[in-house]
Amino acid sequence: MMEKRLLGKTNERLSIIGFGGIVVMNETSKNSAEFVSKAINRGINYFDVAPQYGNAQEMLGPALKPYRK
């Protein structure tokens, strides 16, 4: 089980290992979805994206959709 820690006073528990959006930059939708699925299955629930990661936000959005509440 992935260790998680509280995020400030929010009561949200985030995985101590995050998924850097740069991993899916310039990847296919299929590969992006597979990377996200593997991360989530391993307990990662913190996903980071930044403008410097090119199209990572466009790749992560659809890949994360099945896991959103």
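## Briefing: core, pocket and loops

Ile-44 touches Met-2, Ser-15, Ile-17, Gly-18, Phe-19 and Ala-39, leaving out residues up to four places away in sequence. The model is a predicted one. Ile-44 belongs to the largest nonpolar core, where it is among the residues with the most contacts, and Ile-44 also helps line the largest pocket. The points below cover the core, the pocket, the salt bridge, helix α1 and the loops.

**Nonpolar core**

- The largest nonpolar core has 13 residues.
- Phe-19, Val-24, Val-36, Ile-44 and Leu-60 are the members with the most contacts inside this core.
- Helices α1 (29-41) and α2 (56-64) each supply at least two residues of the core.
- The most is given by α2, with five residues.
- In soluble globular proteins, nonpolar side chains tend to be buried together.

**Val-24, a core residue in a loop**

- Val-24 sits in the loop between β3 and α1.
- Val-24 counts as buried because its relative accessible area is 0%, and the cut-off for buried is under 20%.
- Beyond four places in sequence, Val-24 touches Phe-19, Ser-32, Phe-35, Asn-55, Ala-56, Met-59 and Leu-60.
- Two of these partners, Phe-19 and Leu-60, are listed with Val-24 among the residues with the most contacts in the core.
- Val-24 and Met-2 are 22 residues apart along the chain, and their C-alpha atoms are separated by 21 Å.

**Largest pocket**

- The volume of the largest pocket is about 220 Å³.
- Its lining consists of Glu-12, Ile-40, Gly-43, Ile-44, Asn-45, Phe-47, Leu-64, Tyr-67 and Arg-68.
- By class, this lining has five nonpolar, two polar and two charged residues.
- Leu-64, one of the lining residues, is 54 residues from Thr-10 in sequence and 21 Å from Thr-10 in space, C-alpha to C-alpha.

**Salt bridge**

- The structure holds one salt bridge.
- This salt bridge joins the side chains of Arg-5 and Glu-3, at 3.4 Å from N to O.
- Glu-3 is partly exposed because its relative accessibility is 43%, which lies between the cut-offs of 20% and 50%.

**Helix α1: Asn-31 and Ser-32**

- Asn-31 has its place in helix α1, and so does Ser-32.
- Ser-32 is buried, at 0% relative accessibility.
- Asn-31 is partly exposed, at 26% relative accessibility.
- Apart from neighbours within four places in sequence, Ser-32 is in contact with Val-24, Glu-27, Met-59 and Ala-63.
- Asn-31 and Ala-63 are 32 residues apart in sequence, with 9.1 Å between them in space, C-alpha to C-alpha.

**Loop between β1 and β2: Thr-10 and Asn-11**

- Thr-10 lies in the loop between β1 (4-6) and β2 (13-15), and Asn-11 is found in that loop too.
- Thr-10 is partly exposed, with 43% relative accessible area.
- Asn-11 counts as exposed because its relative accessibility is 64%, and the cut-off for exposed is over 50%.
- Asn-11 has a positive phi of about 70° although it is not a glycine.
- Most residues other than glycine have a negative phi.

**Loop between β3 and α1: Asn-26**

- Asn-26 is found in the loop between β3 (19-20) and α1, where Val-24 is also found.
- Asn-26 is exposed at 61% relative accessibility, whereas Val-24 is buried at 0%.
- Phi of Asn-26 is near 65°, a positive value in a residue other than glycine.

**Loop between α1 and β4: Tyr-46**

- Tyr-46 is placed in the loop between α1 and β4 (47-48).
- With a relative accessible area of 36%, Tyr-46 is partly exposed.
- Setting aside neighbours within four places in sequence, Tyr-46 is in contact with Leu-14, Ser-15, Gly-18 and Phe-19.
- Ser-15, Gly-18 and Phe-19 are also touched by Ile-44.
- Tyr-46 and Val-23 are 23 residues apart in sequence, and their C-alpha atoms are 14 Å apart in space.

How values were computed:
Residues are numbered from 1 along each chain as its sequence is written. This is a predicted model: local features need pLDDT of at least 70, side-chain atom pairs count only at pLDDT 80 or more; totals for chains, interfaces and linings use all residues. Side-chain values use heavy atoms; hydrogens and water are left out. On a 1 Å grid over the protein atoms alone, a cavity is a set of points where a 1.4 Å probe fits but cannot get out, and a pocket is an open set with protein on both sides within 12 Å along at least five of seven lines; lining residues have an atom within 4 Å of a point. Grid points are joined across faces, edges and corners, and a volume is the space filled by probe spheres set on the points. Ala, Val, Leu, Ile, Met, Phe, Trp, Tyr, Cys and Pro count as nonpolar, Asp, Glu, Lys and Arg as charged, and the others, Gly among them, as polar. A salt bridge is a side-chain nitrogen of Lys or Arg within 4 Å of a carboxyl oxygen of Asp or Glu. Buried means under 20% relative accessible area, exposed over 50%, partly exposed in between (1.4 Å probe, protein chains only). A nonpolar core is a set of buried Ala, Val, Leu, Ile, Met, Phe, Trp, Tyr and Cys residues joined through side-chain atoms within 4.5 Å. Helices (H or I, at least four residues) and strands (E, at least two) are DSSP runs, numbered from the N terminus. Contact means heavy atoms within 4.5 Å.
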